[in-house]
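Dear colleague,

I am handing over a structure that may be new to you, and below it I have set out what was found, place by place. Please read the notes with the structure open beside them.

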Amino acid sequence: MRVLVTGATGRLGRVAVPRLRDEGFTVRAVSRRPGAGDGVEWLAVDLATAAGLADAVAGVDAVLHLASSPNRRTHEIDVLGTRRLVVAAGHAGVRHLVYVSIVGVDRVPLAYYRHKLAAEQVVAAGAVPWSVLRATQFPGFLAELLAGASRLGPVLGDPAVLAQPVDPGEVADRLAALLRAGPSHRVEDFGGPEVLRFDEAARAWLAARRSRRPLLPVRIPGRLGRELRAGALTTAATPTGARTWADHLADTYGGTGRR
Ligand SMILES: NC(=O)c1ccc[n+]([C@@H]2O[C@H](COP(=O)([O-])OP(=O)(O)OC[C@H]3O[C@@H](n4cnc5c(N)ncnc54)[C@H](OP(=O)(O)O)[C@@H]3O)[C@@H](O)[C@H]2O)c1
(Lines give C-alpha, C1' and ligand atoms only; values in the text may rest on other atoms or scores of the structure.)
Protein backbone atom coordinates (compact mmCIF):
# COMPACT_ATOMS: atom_id res chain seq x y z
CA MET A 1 0.00 0.00 0.00
CA ARG A 2 1.30 3.45 -0.94
CA VAL A 3 0.78 5.89 1.95
CA LEU A 4 1.29 9.63 2.16
CA VAL A 5 2.24 10.71 5.70
CA THR A 6 1.79 14.41 6.52
CA GLY A 7 3.57 15.87 9.53
CA ALA A 8 6.26 13.23 8.97
CA THR A 9 8.89 15.18 10.89
CA GLY A 10 6.77 15.63 14.05
CA ARG A 11 6.84 13.66 17.32
CA LEU A 12 4.47 11.03 15.94
CA GLY A 13 5.58 11.23 12.31
CA ARG A 14 9.23 10.54 13.16
CA VAL A 15 8.17 7.28 14.78
CA ALA A 16 5.38 6.33 12.36
CA VAL A 17 7.36 6.71 9.12
CA PRO A 18 10.04 4.06 9.81
CA ARG A 19 7.47 1.69 11.37
CA LEU A 20 5.23 1.86 8.30
CA ARG A 21 8.21 1.39 6.02
CA ASP A 22 9.39 -1.63 8.04
CA GLU A 23 5.91 -3.13 7.80
CA GLY A 24 6.02 -3.02 4.01
CA PHE A 25 4.10 0.19 3.27
CA THR A 26 5.54 2.37 0.52
CA VAL A 27 5.82 5.72 2.28
CA ARG A 28 5.81 9.23 0.90
CA ALA A 29 6.65 11.58 3.77
CA VAL A 30 5.90 15.30 3.73
CA SER A 31 6.23 18.47 5.81
CA ARG A 32 7.28 22.04 5.03
CA ARG A 33 10.90 21.21 5.82
CA PRO A 34 11.06 17.57 4.76
CA GLY A 35 13.67 15.17 6.03
CA ALA A 36 15.76 12.88 3.84
CA GLY A 37 16.59 9.20 3.60
CA ASP A 38 14.95 6.59 5.84
CA GLY A 39 14.10 4.57 2.72
CA VAL A 40 11.11 6.77 2.00
CA GLU A 41 10.30 9.46 -0.56
CA TRP A 42 10.36 12.97 0.97
CA LEU A 43 8.49 15.94 -0.51
CA ALA A 44 7.85 19.51 0.68
CA VAL A 45 4.20 20.42 1.28
CA ASP A 46 2.74 23.51 2.93
CA LEU A 47 -0.85 22.95 3.99
CA ALA A 48 -1.29 26.69 4.53
CA THR A 49 -0.85 27.37 0.81
CA ALA A 50 -1.38 23.91 -0.76
CA ALA A 51 2.12 24.19 -2.29
CA GLY A 52 3.28 20.71 -3.27
CA LEU A 53 -0.03 19.11 -2.33
CA ALA A 54 -1.18 17.89 -5.77
CA ASP A 55 2.12 16.06 -6.34
CA ALA A 56 2.04 14.64 -2.82
CA VAL A 57 -1.38 12.98 -3.15
CA ALA A 58 -0.82 11.70 -6.70
CA GLY A 59 -0.66 7.92 -6.90
CA VAL A 60 -1.13 7.08 -3.21
CA ASP A 61 -3.72 4.65 -1.86
CA ALA A 62 -4.07 6.25 1.56
CA VAL A 63 -3.18 9.36 3.53
CA LEU A 64 -2.10 9.38 7.18
CA HIS A 65 -2.69 12.97 8.25
CA LEU A 66 -0.49 13.93 11.21
CA ALA A 67 0.42 17.53 10.34
CA SER A 68 -0.71 20.13 12.84
CA SER A 69 0.24 23.58 14.06
CA PRO A 70 -0.88 23.98 17.68
CA ASN A 71 0.79 27.30 18.36
CA ARG A 72 0.41 29.44 15.27
CA ARG A 73 -2.07 29.82 12.41
CA THR A 74 -3.92 26.80 13.74
CA HIS A 75 -7.19 27.49 11.92
CA GLU A 76 -5.35 28.05 8.64
CA ILE A 77 -3.28 24.87 8.89
CA ASP A 78 -5.33 22.43 10.94
CA VAL A 79 -8.80 23.25 9.65
CA LEU A 80 -8.40 24.87 6.24
CA GLY A 81 -5.20 22.89 5.54
CA THR A 82 -7.04 19.66 6.34
CA ARG A 83 -9.77 20.73 3.92
CA ARG A 84 -7.16 21.41 1.22
CA LEU A 85 -5.70 17.96 1.83
CA VAL A 86 -9.09 16.23 1.75
CA VAL A 87 -10.08 17.98 -1.49
CA ALA A 88 -6.74 17.22 -3.18
CA ALA A 89 -6.91 13.59 -2.03
CA GLY A 90 -10.45 13.33 -3.38
CA HIS A 91 -9.36 14.62 -6.78
CA ALA A 92 -6.48 12.16 -6.82
CA GLY A 93 -8.78 9.20 -6.07
CA VAL A 94 -7.27 8.39 -2.67
CA ARG A 95 -9.30 5.60 -1.06
CA HIS A 96 -8.68 6.20 2.67
CA LEU A 97 -7.69 9.14 4.85
CA VAL A 98 -6.71 8.50 8.47
CA TYR A 99 -6.77 11.49 10.80
CA VAL A 100 -5.20 11.59 14.27
CA SER A 101 -7.02 13.63 16.86
CA ILE A 102 -6.85 14.00 20.63
CA VAL A 103 -8.94 12.49 23.42
CA GLY A 104 -11.04 15.31 24.89
CA VAL A 105 -11.29 17.60 21.86
CA ASP A 106 -15.05 17.72 22.43
CA ARG A 107 -14.73 18.55 26.15
CA VAL A 108 -11.68 20.67 26.83
CA PRO A 109 -12.23 24.38 26.17
CA LEU A 110 -8.93 25.16 24.46
CA ALA A 111 -8.70 26.89 21.08
CA TYR A 112 -6.41 24.15 19.73
CA TYR A 113 -8.94 21.47 20.66
CA ARG A 114 -11.76 23.40 18.96
CA HIS A 115 -9.69 23.45 15.80
CA LYS A 116 -8.96 19.72 16.06
CA LEU A 117 -12.69 19.00 16.45
CA ALA A 118 -13.41 21.18 13.41
CA ALA A 119 -10.74 19.29 11.46
CA GLU A 120 -12.37 15.96 12.43
CA GLN A 121 -15.62 17.32 11.00
CA VAL A 122 -13.87 18.40 7.78
CA VAL A 123 -12.52 14.86 7.39
CA ALA A 124 -15.92 13.29 8.08
CA ALA A 125 -17.69 15.58 5.60
CA GLY A 126 -15.12 15.06 2.85
CA ALA A 127 -15.34 12.85 -0.21
CA VAL A 128 -12.52 10.50 0.84
CA PRO A 129 -13.49 7.47 2.97
CA TRP A 130 -12.00 8.09 6.40
CA SER A 131 -10.97 6.95 9.85
CA VAL A 132 -10.34 9.07 12.95
CA LEU A 133 -8.30 7.92 15.93
CA ARG A 134 -8.20 10.06 19.07
CA ALA A 135 -5.11 9.45 21.20
CA THR A 136 -4.04 10.79 24.59
CA GLN A 137 -0.84 12.80 25.18
CA PHE A 138 2.57 11.54 24.09
CA PRO A 139 5.12 11.35 26.92
CA GLY A 140 7.52 13.56 24.97
CA PHE A 141 4.85 16.25 24.85
CA LEU A 142 4.14 15.88 28.57
CA ALA A 143 7.88 16.23 29.27
CA GLU A 144 7.96 19.43 27.18
CA LEU A 145 5.01 20.78 29.17
CA LEU A 146 6.81 20.00 32.43
CA ALA A 147 10.00 21.67 31.20
CA GLY A 148 7.94 24.75 30.26
CA ALA A 149 6.14 24.70 33.61
CA SER A 150 9.43 24.72 35.51
CA ARG A 151 11.13 27.51 33.61
CA LEU A 152 10.91 29.81 36.62
CA GLY A 153 12.30 27.24 39.08
CA PRO A 154 9.54 25.27 40.77
CA VAL A 155 7.23 23.11 38.68
CA LEU A 156 3.97 25.02 38.38
CA GLY A 157 0.81 23.03 37.76
CA ASP A 158 -2.58 21.88 38.90
CA PRO A 159 -1.77 18.73 40.92
CA ALA A 160 -5.15 17.11 40.28
CA VAL A 161 -5.17 17.31 36.47
CA LEU A 162 -5.31 13.79 35.03
CA ALA A 163 -3.20 12.56 32.12
CA GLN A 164 -2.75 9.19 30.43
CA PRO A 165 0.44 9.33 28.39
CA VAL A 166 0.61 6.96 25.43
CA ASP A 167 3.71 5.87 23.57
CA PRO A 168 3.77 7.29 20.02
CA GLY A 169 5.19 4.02 18.71
CA GLU A 170 2.12 2.20 20.00
CA VAL A 171 -0.10 4.88 18.41
CA ALA A 172 1.79 4.33 15.15
CA ASP A 173 1.08 0.59 15.38
CA ARG A 174 -2.65 1.32 15.77
CA LEU A 175 -2.50 3.62 12.78
CA ALA A 176 -0.81 0.95 10.68
CA ALA A 177 -3.58 -1.48 11.66
CA LEU A 178 -6.19 1.11 10.72
CA LEU A 179 -4.56 1.66 7.32
CA ARG A 180 -4.76 -2.10 6.73
CA ALA A 181 -8.36 -2.32 7.98
CA GLY A 182 -9.62 0.41 5.63
CA PRO A 183 -12.10 3.23 6.29
CA SER A 184 -13.60 2.74 9.78
CA HIS A 185 -14.94 6.21 10.74
CA ARG A 186 -14.33 7.10 14.39
CA VAL A 187 -12.63 4.18 16.13
CA GLU A 188 -12.02 3.44 19.83
CA ASP A 189 -9.92 6.08 21.55
CA PHE A 190 -6.38 5.03 22.40
CA GLY A 191 -4.68 5.90 25.67
CA GLY A 192 -1.71 4.82 27.70
CA PRO A 193 -1.77 2.06 30.36
CA GLU A 194 -2.20 4.33 33.42
CA VAL A 195 -3.97 7.50 34.46
CA LEU A 196 -1.64 9.79 36.40
CA ARG A 197 -2.25 12.94 38.38
CA PHE A 198 -0.12 15.88 37.31
CA ASP A 199 1.75 15.87 40.64
CA GLU A 200 2.58 12.13 40.32
CA ALA A 201 3.82 12.63 36.76
CA ALA A 202 5.83 15.69 37.77
CA ARG A 203 7.43 13.95 40.79
CA ALA A 204 8.49 10.99 38.64
CA TRP A 205 9.91 13.38 36.03
CA LEU A 206 11.85 15.31 38.68
CA ALA A 207 13.19 12.10 40.23
CA ALA A 208 14.30 10.78 36.83
CA ARG A 209 16.20 14.03 36.29
CA ARG A 210 17.67 13.92 39.83
CA SER A 211 16.10 17.32 40.40
CA ARG A 212 15.11 18.71 43.79
CA ARG A 213 12.86 21.43 42.42
CA PRO A 214 9.62 21.77 44.38
CA LEU A 215 6.11 21.51 42.97
CA LEU A 216 4.09 24.70 43.24
CA PRO A 217 0.36 23.91 43.03
CA VAL A 218 -1.60 26.31 40.82
CA ARG A 219 -5.27 25.46 40.48
CA ILE A 220 -6.52 25.94 36.90
CA PRO A 221 -9.72 27.97 37.17
CA GLY A 222 -13.08 27.62 35.46
CA ARG A 223 -14.41 24.99 33.15
CA LEU A 224 -10.95 24.24 31.74
CA GLY A 225 -9.68 23.21 35.16
CA ARG A 226 -12.85 21.26 35.96
CA GLU A 227 -12.62 19.24 32.74
CA LEU A 228 -8.91 18.55 33.12
CA ARG A 229 -9.36 17.41 36.74
CA ALA A 230 -12.39 15.31 35.78
CA GLY A 231 -10.32 13.31 33.29
CA ALA A 232 -11.31 14.86 29.94
CA LEU A 233 -7.83 14.01 28.63
CA THR A 234 -8.19 10.35 29.60
CA THR A 235 -10.16 7.43 28.22
CA ALA A 236 -11.53 4.19 29.64
CA ALA A 237 -11.30 2.60 26.18
CA THR A 238 -9.41 -0.66 25.80
CA PRO A 239 -7.03 -1.95 24.68
CA THR A 240 -4.56 0.63 25.92
CA GLY A 241 -0.89 0.97 25.13
CA ALA A 242 1.55 -0.90 27.37
CA ARG A 243 4.44 1.52 27.72
CA THR A 244 4.30 3.64 30.86
CA TRP A 245 5.47 7.12 31.83
CA ALA A 246 8.18 5.38 33.89
CA ASP A 247 9.32 3.50 30.77
CA HIS A 248 9.61 6.80 28.91
CA LEU A 249 11.58 8.38 31.75
CA ALA A 250 13.92 5.38 31.93
CA ASP A 251 14.48 5.52 28.16
CA THR A 252 15.10 9.25 28.24
CA TYR A 253 17.12 9.72 31.41
CA GLY A 254 18.33 6.20 32.12
CA GLY A 255 20.38 5.97 35.28
CA THR A 256 22.41 9.06 34.61
CA GLY A 257 19.85 11.85 35.00
CA ARG A 258 20.59 15.56 34.97
CA ARG A 259 19.53 18.58 36.94
N1 LIG B 1 1.57 15.65 20.89
C2 LIG B 1 0.65 14.91 21.51
O3 LIG B 1 0.77 14.61 22.70
C4 LIG B 1 -0.55 14.41 20.73
C5 LIG B 1 -1.47 13.56 21.35
C6 LIG B 1 -2.56 13.08 20.63
C7 LIG B 1 -2.71 13.45 19.30
N8 LIG B 1 -1.81 14.29 18.73
C9 LIG B 1 -2.00 14.65 17.32
O10 LIG B 1 -1.08 13.89 16.55
C11 LIG B 1 -0.65 14.65 15.43
C12 LIG B 1 0.86 14.74 15.45
O13 LIG B 1 1.28 15.39 16.64
P14 LIG B 1 2.82 15.70 16.91
O15 LIG B 1 2.96 15.96 18.38
O16 LIG B 1 3.67 14.67 16.22
O17 LIG B 1 2.96 17.10 16.14
P18 LIG B 1 4.27 17.99 16.00
O19 LIG B 1 5.45 17.34 16.64
O20 LIG B 1 3.88 19.39 16.41
O21 LIG B 1 4.53 17.97 14.42
C22 LIG B 1 3.72 18.69 13.54
C23 LIG B 1 4.07 18.32 12.11
O24 LIG B 1 3.25 19.11 11.24
C25 LIG B 1 4.08 19.70 10.24
N26 LIG B 1 3.50 20.97 9.84
C27 LIG B 1 3.30 22.08 10.61
N28 LIG B 1 2.78 23.08 9.87
C29 LIG B 1 2.66 22.59 8.59
C30 LIG B 1 2.18 23.15 7.37
N31 LIG B 1 1.78 24.44 7.26
N32 LIG B 1 2.17 22.37 6.26
C33 LIG B 1 2.62 21.08 6.33
N34 LIG B 1 3.07 20.51 7.45
C35 LIG B 1 3.10 21.25 8.58
C36 LIG B 1 5.45 19.87 10.93
O37 LIG B 1 6.52 19.91 10.02
P38 LIG B 1 7.11 21.29 9.38
O39 LIG B 1 7.23 22.25 10.52
O40 LIG B 1 8.41 20.88 8.72
O41 LIG B 1 6.09 21.68 8.37
C42 LIG B 1 5.53 18.58 11.74
O43 LIG B 1 5.99 17.52 10.91
C44 LIG B 1 -1.33 16.01 15.55
O45 LIG B 1 -2.48 16.02 14.76
C46 LIG B 1 -1.70 16.11 17.02
O47 LIG B 1 -2.84 16.92 17.24
C48 LIG B 1 -0.72 14.76 19.39
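A good place to begin is Arg73, which sits in the loop between strand S4 (62-65) and helix H3 (74-92). Please keep in mind throughout that this is a predicted model. Arg73 has a positive phi of about 50° although it is not a glycine, and this deserves a remark because most residues other than glycine have a negative phi. With a relative accessible area of 45%, Arg73 is partly exposed.

A second arginine can be described in similar terms. Arg210, found in the loop between helix H7 (198-208) and strand S11 (215-217), is likewise not a glycine and has a positive phi of about 55°. Its relative accessibility is 40%, so Arg210 counts as partly exposed.

The backbone also holds a cis peptide bond, which joins Thr238 and Pro239 with an omega of about -5°; as a general matter, most peptide bonds are trans. Pro239 belongs to the loop between helix H8 and helix H9 (245-253).

The ligand

Which residues are closest to the ligand? The ligand is surrounded by 27 residues, and the closest are Thr9, Arg11, Arg32, Tyr112 and Lys116. Sorted by character, the residues of this shell divide into 14 nonpolar, eight polar and five charged. Helix H1 (11-22), strand S5 (96-102) and helix H4 (111-125) each supply at least two residues of the shell, and the largest share, three residues, comes from S5.

Several polar atoms of the protein can be placed against oxygen atoms of the ligand. A polar side-chain atom of Tyr112 lies 2.7 Å from a ligand oxygen atom, while a polar side-chain atom of Ser31 lies 3.0 Å from an oxygen atom of the ligand. In the case of Phe138 the atom concerned is a polar backbone atom, and an oxygen atom of the ligand is 2.8 Å from it. Taken alone, the ligand exposes 890 Å², of which the protein buries 91%.

An aromatic pair

Tyr112 returns here with its neighbour in sequence, since the count of aromatic pairs comes to one. The rings of Tyr112 and Tyr113 have their centres 6.2 Å apart and their planes at 65°, so the pair is edge-to-face, the cut-off for that class being over 60 degrees. Tyr112 has 19% relative accessibility and therefore counts as buried, for which the limit is under 20%. Tyr113, at 7% relative accessibility, counts as buried too.

Two helices and what covers them

In helix H1, the buried residues are Leu12, Gly13, Ala16, Val17, Pro18 and Leu20. What covers them includes strand S1 (2-6), strand S2 (26-31), S4, S5 and helix H6 (168-181). H1 is followed by Gly24, whose phi is positive, near 100°.

In helix H8 (residues 222-229), the buried residues are Gly225, Glu227, Leu228 and Arg229, and their cover includes strand S8 (162-163). Just after H8, Gly231 takes a positive phi of about 95°.

Two threonines in loops

Is Thr136 buried or exposed? Thr136, which is found in the loop between strand S6 (130-135) and helix H5 (139-149), has 3% relative accessibility and so counts as buried. A polar atom of its side chain lies 2.6 Å from the backbone oxygen of Gln164. Leaving aside residues up to four places away in sequence, Thr136 touches Val103, Gln164, Pro165, Val166, Phe190, Gly191, Gly192, Leu233, Thr234 and Thr235.

Thr49 lies in another loop, between strand S3 (41-44) and helix H2 (53-57), and because its relative accessibility is 53%, Thr49 counts as exposed. The side chain of Thr49 reaches the backbone nitrogen of Ala51 at 3.1 Å. Thr49 and Glu76 are 27 residues apart in sequence, and their C-alpha atoms are 9.1 Å apart in space.

With kind regards

Note on methods. Residues numbered from 1 in each chain as written. Predicted model: local features only at pLDDT ≥ 70, side-chain atom pairs only at ≥ 80, totals over all residues. Heavy atoms only, no water. Phe/Tyr/Trp six-rings, centres within 6.5 Å; stacked < 30°, edge-to-face > 60°. Buried < 20%, exposed > 50% of the residue type's maximum accessible area, 1.4 Å probe, protein only. Near = heavy atom within 4 Å. Polar contact = N/O pair within 3.5 Å; in protein donor to acceptor, adjacent residues only side chain to side chain. Areas by Shrake-Rupley, 256 points an atom, 1.4 Å probe, with all protein chains shown as cover. Helix = DSSP H or I, 4+ residues; strand = E, 2+ residues; numbered from the N terminus. Nonpolar A, V, L, I, M, F, W, Y, C, P; charged D, E, K, R; others polar. Contact = heavy atoms within 4.5 Å.
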